[in-house]
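These are my notebook entries on a structure I looked through. They follow the order in which I looked things up.

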Amino acid sequence: MEFLRQLLTWIANNLFNQVAILIGLIVLVGTAIQRKRFEEVFAAAIRATLGVLILFIGIDVFVGGLLSFQTIVGSAFNLMPPKATKTLADFLGTHGGSIALIITIGFLIHVILVRLLPFLRYVYLTGHLMFWISVIVAAALIESFPRMGPTALVLWGSVIVAVYWSLQPLYIARAMRKVIGSDEWGYGHTSSAACYLAATLGGAVGSKDKHDTEKLKLPQRLAFFKDVNVSTAVIIGVIMLLAAAFADKTLLAEQAKKFSATVDPWVWAVLVGLRFAAGIAILLFGVRMFLAEIVPAFKGISDKLIPGSRPALDVPTVFPFAPTAVMVGFLASTVTFLILMLVFGAAGWFTLVPPMIMLFFPGGGAGVFGNAFGGWRGAMLGGVINGLFLAIGQATVWGMLSNTAPELATLGDPDWYILVWLIKLVTAPFAGP
Amino acid sequence: MAWVRGEPLRVLTVCGVGMGSSLILKMTAEKALAELGIPARVEHADLGSARGAGADVILAQGLHTSELTGTAPLVVPVTNFLDVAGLKETLSRRFREQGWLT
């Protein structure tokens, strides 16, 4: 018995608590049941494991840039940087294993739900958001119940994400049919709240026939913003330079010195923007690497269990239907967010960090949905709604997750914030120490 | 119809950050190429990495194809990421224009 107990403890500590190894094992099983050749199965598992390790390195670089940004921009507004007792990397280290299991078990529950309840129709296949939603749900649960054990966390987490993946494509399906003109695939993206509001309110501000964005001509110069690595580096770098001009000069010099004894603080400010963008690029590279192995396995499982089901897909699948609306939504989101950044800073509420990826993708998506119902006015409204969600969400959720993974607040889409708000609200009467 | 290129085709599917839709498009492209009987290796990437990837064919949505012109001999815009039949038709037409398929 003692040996068995030791063995189980060893497995829990070394396989289930090491997220990189656990993801590798999940991919190993997932590819093996697709009857791939041994060397393919093995290589897939190794690639997925490396992807998780690269993700961790990216988070380190990204969080370093994030902290510098919050310190300097905060100082320009005379604010303390937002407080955080834990970091995303800590949280993935302690709870990463549970998160990997939430994705896997959550997906299986989701597939069973869609199989048993045919009206649900859509199988959620946007892999990176399956990962992030599992992380954010786990963090919100641990914030409410710090002593929740791994079994309860995996169970509750899996059920919550499975319900979200089942309902999100469904409630937006009517609007989605109007956007893509068919029911061939559903919308599976955590910007759904902004898109739904843009579609619902779009018709009130304009009309698709009279104000179609695709009749507009936007300046070609804006095109470089479509590369999110470039736009992140540029926007964060420019704001750093502006903030450096207003920040406490001793603090600025101190921060720059931490990075290099010889670097000029102004050059350091630019480097922060570049490192921030580089960190996000590395982080995304890691996520891409393990998703490339997991998503085809998930698709294989759902194709086999629910033949003829429709996939719910990532936001860029709606972009071809109104590329100009994407740019209108993105620009409206960015302008809204930057205005709120000044307002929140001047009012002393919070040092907001512009999340360029979330301004581009959800902003673009809300633009396309808004355009389908209200032309460019709807697209612009969609962008503004997304900008509001991102600013208010970041400012409120940072504090709600400060004991787990506050940086998630700067990486979030509208639905992430809504899920955290809901979990907080529902668990408030039961939350323990 | 005969495939005249010797080595397998290097195909790259591209989207903004190279995670969601490019991966779905990769699965569609693999199916389309297999049904055409064309030997190919399909990978997916983001806009930035696509530039240095040295692919023979790049598949991406129209929003991005203008930035990608010149990064591969063939840059093909795709509207429907799930449409295997449509992609087969477009690809075989474009391959014939290139003289890769006779």
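Entry 1, loops of chain A. I began with Asn78(A), which sits in the loop joining H3 to helix H4 (88-116) of chain A. I should record that the model is a predicted one. I looked up the backbone angle and found a phi near 65° for Asn78(A), a positive value in a residue other than glycine. Is Asn78(A) buried or exposed? I counted 12 other C-beta atoms within 10 Å of Asn78(A). Since a residue with 12 or fewer such neighbours counts as exposed, Asn78(A) is exposed.

I then turned to Arg35(A), placed in the loop between helix H2 (19-32) and helix H3 (38-76) of chain A. Arg35(A) is not a glycine, yet its phi is positive, at about 55°. The neighbour count for Arg35(A) is 7 other C-beta atoms within 10 Å, so this residue is exposed.

Entry 2, the contact between the chains. How many residues does each chain bring to the contact? I noted 29 residues from chain A and 21 residues from chain B. I next asked which elements of chain A give two or more residues to the side that touches chain B. I listed helix H5 (127-144), helix H10 (228-246), helix H12 (265-305), helix H13 (323-346) and helix H14 (356-400) of chain A. The most comes from H12(A), which gives eight residues to that side. Sorted by class, the side of chain A that touches chain B holds 18 nonpolar, five polar and six charged residues.

Entry 3, the fold of chain B. I found four helices and four strands in chain B. Read from the N terminus, the elements of chain B are ordered β-α-β-α-β-α-β-α. I compared the radius of gyration of chain B, 12 Å, with the 13 Å that the globule rule gives for 102 residues; the two are close, so chain B is as compact as a globular protein of that length. Along the principal axes, the C-alpha atoms of chain B fill a box of roughly 35 × 25 × 20 Å.

Entry 4, packing within chain B. What share of the 102 residues in chain B is buried? I recorded 44%. I also looked up the contacts in chain B with a separation of 6 or more, and 57% of these join residues 24 or more positions apart.

Note on methods
Residues are numbered from 1 along each chain as its sequence is written. Chains are lettered from A and ligands numbered from 1 in the order in which they are written. This is a predicted model: local features need pLDDT of at least 70, side-chain atom pairs count only at pLDDT 80 or more; totals for chains, interfaces and linings use all residues. The radius of gyration is taken over C-alpha atoms; the globule rule is 2.2 Å times the number of residues to the power 0.38. A residue is buried if 20 or more other C-beta atoms lie within 10 Å of its own, exposed if 12 or fewer, and partly exposed in between; C-beta atoms are placed from the backbone. Two residues are in contact if their C-beta atoms, placed from the backbone, lie within 7 Å. Ala, Val, Leu, Ile, Met, Phe, Trp, Tyr, Cys and Pro count as nonpolar, Asp, Glu, Lys and Arg as charged, and the others, Gly among them, as polar.
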